[in-house]
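Hi everyone, thanks for making time this morning. I have one small story for you today, so let me put it on the screen and we can walk through it together.

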Amino acid sequence: MPTVTVQQGPRSVELKRALVARITEAFVDALDVPATSVQVWIQETPADSWGQGGTLTADK
């Protein structure tokens, strides 16, 4: 059973639905597994809880 973890900033439910559908399709196509076997976990982190290049994302 493939399991995918996506770490990202907050997104709308609509965007997350589309992301889960496309990731699932990719695994079905690449591995020839049933869609029901693909699990996608989305971990969202607020902009004030992560940074890049020495700067909090919330400060950009």
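So, straight to the β-α-β unit: E1, H1 and E2 build it, and its hand is right-handed. Please keep in mind that this is a predicted model. The two strands of the unit, E1 at residues 3-8 and E2 at residues 39-44, pair in the parallel sense, with six bridges between them. If you want one position to orient yourself, take Val4, whose bridge partner in E2 is Val40.

Now the helix. H1 covers residues 13-31, and Ala26 is one of its residues. Is Ala26 buried or exposed? Neither, really: Ala26 comes out as partly exposed, because its relative accessible area is 41%, and the buried class needs a value under 20% while the exposed class needs one over 50%. For a sense of distance, the C-alpha atom of Ala26 is 14 Å from that of Val6, with the two positions 20 residues apart along the chain.

Next, my favourite contact. How many salt bridges does the structure hold? Just one, and Glu44 forms it with Lys16, with 3.3 Å between the closest N and O atoms. That pair ties together distant parts of the chain, since Glu44 sits in strand E2 and Lys16 in helix H1, 28 residues apart. Both ends fall in the partly exposed class: Glu44 has a relative accessibility of 32%, and Lys16 has a relative accessible area of 21%. Lys16 therefore misses the buried class, as its 21% is not under 20%.

Let's zoom out. The protein has one helix and four strands, and from the N terminus the order reads β-α-β-β-β. The radius of gyration is 14 Å, well over the 10 Å that the globule rule gives for 60 residues, so the protein is more spread out than a compact globule. Along the principal axes, the C-alpha atoms fill a box of roughly 45 × 20 × 15 Å. Of the 60 residues, 15% count as buried. And among contacts with a separation of 6 or more, 55% come from residues 24 or more positions apart.

Last, the annotation. An unreviewed UniProt entry places the feature "domain: 4-oxalocrotonate tautomerase-like" at residues 4-59. In the model, that span is 34% helix and 27% strand, and its end C-alpha atoms lie 29 Å apart.

That's my tour. Thanks for listening, and I'm happy to take questions.

Note on methods:
Residues are numbered from 1 along each chain as its sequence is written. This is a predicted model: local features need pLDDT of at least 70, side-chain atom pairs count only at pLDDT 80 or more; totals for chains, interfaces and linings use all residues. Side-chain values use heavy atoms; hydrogens and water are left out. Buried means under 20% relative accessible area, exposed over 50%, partly exposed in between (1.4 Å probe, protein chains only). UniProt positions are given in the numbering used here, feature names are shortened, and annotations may be inferred rather than shown by experiment. Two strands pair if DSSP finds at least two bridges between them. A crossover is right-handed if, with the strands pointing away from the viewer, the path from the first strand over the helix to the second runs clockwise. A salt bridge is a side-chain nitrogen of Lys or Arg within 4 Å of a carboxyl oxygen of Asp or Glu. The radius of gyration is taken over C-alpha atoms; the globule rule is 2.2 Å times the number of residues to the power 0.38. Contact means heavy atoms within 4.5 Å.
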